[in-house]
Amino acid sequence: MSNLFRRTEWFRRDRFGMFIHWGLYAIPGRGEWVMSDERIPADVYKDYFKQFNPVDYDPVVWAKAAKKAGMKYVVLTAKHHDGFCLFDSALTDYKSTNTICKRDLVREFVDAVRAEGLKVGLYYSLIDWQHPHYPKYDDLMHPMRRNEAYKDEVIDFDQYLTYMHGQIKELCTNYGQIDILWFDYSYEHMRGETWRAKELMEMVRSLQPNVIVDNRLETSGEGGGSIMTANPTAWGGDFASPEQIIPPEGIKNELGVPLPWELCTTMNNNWGYAPNDLNYKPSSMLIRKLVECVSKGGNMILNVGPDARGTINNQSMQILEDIGQWMSLNSESIYECGYAEINKPEWGRYTRNGNKIYAHVLEAQIGPLALTGIPADQVKSMYQLADGVQVQRGESWITKAYEGILFACLGSIPHFTYPLPDAADTVIVIELKE
Ligand code: GLC
C-alpha cells in the first residue's frame with residue numbers, strides 16, 4: 001500500500017488534469033466509438049487514415065490552455081480502440097508518421113506539455129479493432145462482432161499481446177519520463193493475466209519506476225479491481241478510475257483505507273470530437289464537480305476532443321478559460337487539498353489542507369452561514385480566498401436560538417450577502433489554531 005501512496009503523492013496533490021481524446025475518429029465526428037457503433041470494417045475505416053491531416057495541430061496551444069485552466073497533468077490518447085497510433089511505432093504502419101502529416105504527434109505532445117511544466121500522461125487502449133489477431137466474432141464490442149465472415153477466423157491472441165506489450169515498451173522507452181499510463185479497458189474475461197498483465201507491469205516498472213497506472217488492466221469504469229482489496233495485485237493500478245460518475249462517498253478499499261481516485265469526465269457527452277453534441281456542461285458546474293471530487297479525496301480529469309485539424313473548439317476553450325479564471329483566485333482550495341473529515345454542509349462543500357479548511361459556498365444564504373462541524377473556539381481567522389477580505393463572525397440576535405454553531409457573514413451583520421461574490425463557488429478560508 002505504501003508504494004501506491006508514494007507514487008501517487010504528486011497526483012493527490014495536483015488534483016486536476018486534462019484528458020485529450022484525438023485521432024482518426026475526429027474525421028467522422030461521431031465520437032471515438034464510431035467504428036464499433038456503425039460496425040465499420042477496418043478497410044473502410046482506413047479511408048480516414050488516408051485523409052487524416054491535422055494542419056492546425058499545435059500541442060503548445062493545448063498545453064498552454066491546460067496550464068491556464070489550472071490543470072497540472074495532461075493525458076493524450078496514444079492509441080484508442082480503433083488501433084490508430086499517434087506515435088512512431090516500429091511495430092505497425094497504422095501510425096501518424098505514415099499519414100499526410102508525417103508527424104509523431106505524441107513526441108510533439110510530450111515536449112509541449114513538459115515545456116509548460118505539466119506532468120505527461122499517455123492513454124493506451126488494450127482493445128484494438130485494427131489488429132488482425134484481436135478477437136472479432138465473439139467479442140463484445142469489435143466492429144466485426146457476430147459477422148459471419150469472421151466466425152471461423154483463427155487468430156493467435158498472443159501475437160496481439162506481443163504487439164501490445166511492444167508498443168507500451170516503445171512508449172515507456174522513447175518519450176522520456178511518462179508520469180501516467182492510462183490503460184483502457186478490461187471487460188468480460190479480457191482482464192488481468194489475459195493481457196499478460198504481470199509481465200506487462202514488470203516491464204513498465206523497470207522502464208518507468210515512478211509512473212502511475214490506472215486500474216483498468218483489471219476493470220473499467222464499472223468497478224474497482226484488486227486495488228479495492230487488502231491485497232492488490234502488481235497490476236491492480238495506483239488509482240481507481242470512476243467514469244462519468246463521482247463516487248457518492250469517495251473510494252475506500254475493503255479495509256476502509258481511502259484510495260487515490262480520479263473522475264474522468266467530458267465537457268459534452270463525447271470523448272472524441274462530436275460537433276453535433278452541443279450538450280456542454282456549464283463551467284460553473286465543472287468547477288463545482290472538481291470541488292466535489294477534491295472534497296471526497298479524489299481528482300478530476302476533464303476531457304477535450306480536438307477536431308480533425310487539431311483544434312480544440314471554441315466551446316471547450318471558453319470552458320477552460322472560465323475554469324482558469326476561478327482557479328487563478330481559488331486553486332489553493334484545490335491543490336494539496338482533500339477530504340475535510342467534516343460532514344458536508346447544506347450550502348456547499350468543505351475541502352481541507354492541514355489547519356486550513358476551505359468552505360466552498362455554492363448557495364447564497366438567508367442570514368449568516370452556519371459553519372456546521374467547525375468548533376468556534378478553534379478558529380484563528382476567516383477570510384475570502386479570492387480577495388483576502390476578512391469574513392466576520394455571524395452570531396447576532398437572529399442566531400441566538402442556535403447556540404454552539406459557528407456562523408460567518410460575508411456582508412453586514414446579521415445578513416449574509418446576496419448574490420454571492422462568486423456565483424460558481426465563493427471560497428472562505430477558515431484558519432484553525434495550530
Ligand atoms: C471508456 C470509453 C473510451 C474512453 C474511456 C475514457 O472506456 O470506452 O472511449 O476513452 O472511457 O475513460
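## Aromatic pairs

In this predicted model, 26 aromatic pairs are found. One of them joins Trp10 and Phe11: the ring centres lie 5.7 Å apart and the planes meet at 80 degrees, so the arrangement is classed as edge-to-face, the angle being over the 60 degrees required for that class. Both partners are shielded from solvent by the protein. Trp10 is buried, since its relative accessible area is 9%, and Phe11 is buried at 0%, each value being under the 20% limit for that class.

A second edge-to-face pair is made by Tyr57 and Trp62, with 5.1 Å from centre to centre and 70 degrees between the planes. Here too the residues are buried: the relative accessible area is 4% for Tyr57 and 3% for Trp62. Tyr57 and Trp62 also belong to one aromatic cluster, in which they are joined by Trp22, Phe49, Phe52, Phe84 and Tyr94.

## Charges over rings

Two lysine side chains place their charged ends over aromatic rings. The charged end of Lys119 sits over the ring of Trp10, at 5.1 Å from the ring centre. Trp10 is therefore engaged on two counts, as the edge-to-face partner of Phe11 and as the ring beneath Lys119. In the other case, the charged end of Lys72 is positioned over the ring of Tyr335, 4.7 Å from its centre.

## Ligand surroundings

The ligand is surrounded by 14 residues, of which the closest are His21, Glu32, Trp33, His80 and Glu243. Sorted by class, this shell consists of seven nonpolar, three polar and four charged residues.

Several side chains place polar atoms beside oxygen atoms of the ligand. For Glu243, which is among the closest residues, an N or O atom of the side chain lies 2.8 Å from a ligand oxygen. The corresponding distance for the side chain of His81 is 3.3 Å, and a polar side-chain atom of Arg216 is found 3.5 Å from an oxygen atom of the ligand. The ligand exposes 310 Å² when taken alone, and 95% of that area is buried by the protein.

## Cysteines

How many disulfides does the model contain? The count is zero. A disulfide is a covalent bond that links the sulfur atoms of two cysteines. Cys172 takes part in no disulfide, and the nearest cysteine sulfur, belonging to Cys85, is 14 Å away. For comparison, the cut-off for a disulfide requires the two sulfur atoms to be within 2.5 Å.

Why is Cys337 without a bonded partner? The closest cysteine sulfur to that of Cys337 is in Cys293, and the separation of 14 Å is too far for a bond. Both Cys172 and Cys337 are shielded by the protein chain: Cys172 is buried, with a relative accessible area of 3%, and Cys337 is likewise buried, with a value of 3%.

Conventions
Residues are numbered from 1 along each chain as its sequence is written. Side-chain values use heavy atoms; hydrogens and water are left out. Rings of Phe, Tyr and Trp (its six-membered ring) pair if their centres lie within 6.5 Å; planes under 30 degrees apart count as stacked, over 60 as edge-to-face and the rest as tilted. Buried means under 20% relative accessible area, exposed over 50%, partly exposed in between (1.4 Å probe, protein chains only). A charge sits over a ring if NZ of Lys or CZ of Arg is within 6 Å of the ring centre and within 35 degrees of the ring normal. A residue is near a molecule or strand if one of its heavy atoms lies within 4 Å of it. A polar contact is a pair of N or O atoms within 3.5 Å; within protein, one must be able to donate a hydrogen and the other to accept it, and residues adjacent in sequence count only if both atoms are side-chain atoms. Accessible areas come from the Shrake-Rupley method with a 1.4 Å probe; for residues, only the protein chains shown count as cover. Ala, Val, Leu, Ile, Met, Phe, Trp, Tyr, Cys and Pro count as nonpolar, Asp, Glu, Lys and Arg as charged, and the others, Gly among them, as polar.
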